[in-house]
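I opened this notebook to record what I looked up in one structure, going from its division into parts down to a single residue.

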Amino acid sequence: MKSSRIAPLLFLGLALLLATGTPTAALAAKPLVLFDEGHAQTAGNADWVIDGGFSDFADVFKAQGCEVRAVKKLAWEDLQSAQVLVLPEPNSLYTAEEEAAIVRFVENGGGLYAIADHNNSDRNGDGVDSVAVLNRFLPKLGLQIDLRYFSEAPTAGKINQTSFTKGVKAVGTWGGSTVKCLSSQGVAHITVSAKNGGGAFIASTEVGAKGGRVVAMGDSSPYDDGTGDPHDKLHDGFNNPGYSHATLAANSVRWLLEPRATAPARHLDRLLADVSAGSRTYAGAPDPSLLLHLETCERAVGQLLNEHPDLRPQARARVMGDAGLADLRRSLDAQTTFDLLYSR
Ligand SMILES: [Ca+2]
Ligand SMILES: [Ca+2]
């Protein structure tokens, strides 16, 4: 009985915490895009910086009206004014504060572009590669990098018809991995062959109560434009005429920059669908990564219902009779009881 009183207190506390910081990027004249350059982005042959191998990728944002800046540390104070954050193959761990800031940024409506490389790609010998670095927090946001290492060019899976693949004829991966959608709202736009696991070459999903968006891909090579430190072994995958990487970059960036849906009821529907599907999947195959994502979703539901009490009847109606939402129903019941008892 004790836990039923503690749970709603935590629920409300977290929701209030989340509600205090909202990105103000919408007010800025030009959307601000931050490229992380502080986590070994130039280790070994990597050159994933805006004045090096990723300059053409940075230009995609500029062409869509953005201001692009490089940052070395990811502080919440700096992220608040940004609309998009790009993590180009981070090869050293973020601090706990930076990880929390990234998650909070997306939960508050920000756009994240996360780029990994193949499994066992520790370029600076500090014991972690981009797969390990990103998988510490990306699952909270509904996506995960697979532990794979393969090349496939062009990819031989599917190119699904989505806004990302308009005009995309072929893509390739050279020493890369794939992305798994933990979120039922995730979209695998392009997949690789079954031989290499069939995962997503690029995937995206919507996160949280404010329409945050995440794009992830499992290889840095497609966006390597071949410029940068002459001592690095770089290859122009971005403009290679045999592939459509520049088009894919433009399409995916456009999606990240789209205005967010503002109707909270729409976000609630998405979150409840995600929790329902995820809980059923988890019941069949418990996966700690999926649990991380479900916790983010449930926190977002708490945030929405706290900010919009008028949505509570809709939420309660939706969770009735849905086995996948049983845990959430208990939380809502507990919250109602709490509100009645303490008349918030
Ligand atoms: Ca490393
Ligand atoms: Ca690669």
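The entries below take up the domains, then two helix pairs, then one glycine.

**Domains.** I noted at the outset that this is a predicted model. I looked up how the protein chain is divided, and found domain 1, made of 2–10 + 262–342, and domain 2, covering 31–257. Taking the centres over C-alpha atoms, I read a separation of 30 Å between domain 1 and domain 2. I then turned to where they touch, and found 14 residues of domain 1 in contact with 15 residues of domain 2. On the domain 1 side, helix 7 (264–284) and helix 8 (288–307) each supply at least two residues, and helix 8 gives the most, with eight residues. Sorting that side of domain 1 by class, I recorded six nonpolar, six polar and two charged residues.

**Helix 7 against helix 8.** I next asked myself at what angle helix 7 and helix 8 pack. The angle is about 150°, with the axes 9 Å apart, which makes helix 7 roughly antiparallel to helix 8, since angles over 145 degrees are counted in that way. I entered the crossing of these two helices as left-handed. Among the residues that meet, I listed L268, L271, L272 and V275 in helix 7, and L290, L291, L294 and L304 in helix 8. The contact of helix 7 with helix 8 also includes D274 from helix 7 and E298 from helix 8. By class, I wrote down 13 nonpolar, five polar and two charged residues for this contact.

**Helix 2 against helix 6.** For the second pair, I found that the axes of helix 2 (residues 55–63) and helix 6 (residues 245–257) come within 10 Å and cross at roughly 45°, and the two helices are therefore oblique to each other. Their crossing is right-handed. The contact is made by F57, V60 and F61 of helix 2 together with A249, A250 and V253 of helix 6, and I counted these by class as six nonpolar, no polar and no charged.

**G52.** Last, I looked up G52, which is found in the loop between strand 1 (32–36) and helix 2. Is G52 buried or exposed? I entered G52 as buried, because it has 20 C-beta neighbours inside 10 Å and the cut-off is 20 or more. Leaving out residues up to four places away in sequence, G52 touches D47, T227, G228 and D229. I also checked G52 against P241, 189 residues apart along the chain, and found their C-alpha atoms separated by 20 Å.

Methods:
Residues are numbered from 1 along each chain as its sequence is written. Chains are lettered from A and ligands numbered from 1 in the order in which they are written. This is a predicted model: local features need pLDDT of at least 70, side-chain atom pairs count only at pLDDT 80 or more; totals for chains, interfaces and linings use all residues. Axes are lines fitted to C-alpha atoms, for helices over the stretch in contact, and angles run from 0 to 180 degrees between N-to-C directions. Helices (H or I, at least four residues) and strands (E, at least two) are DSSP runs, numbered from the N terminus. Angles under 35 degrees count as roughly parallel, over 145 as roughly antiparallel, 65 to 115 as roughly perpendicular and the rest as oblique. A crossing is left-handed if the near helix is turned anticlockwise from the far one by less than a right angle, and right-handed if clockwise. Two residues are in contact if their C-beta atoms, placed from the backbone, lie within 7 Å. Ala, Val, Leu, Ile, Met, Phe, Trp, Tyr, Cys and Pro count as nonpolar, Asp, Glu, Lys and Arg as charged, and the others, Gly among them, as polar. Domain bounds come from an automatic or database domain assignment. A residue is buried if 20 or more other C-beta atoms lie within 10 Å of its own, exposed if 12 or fewer, and partly exposed in between; C-beta atoms are placed from the backbone.
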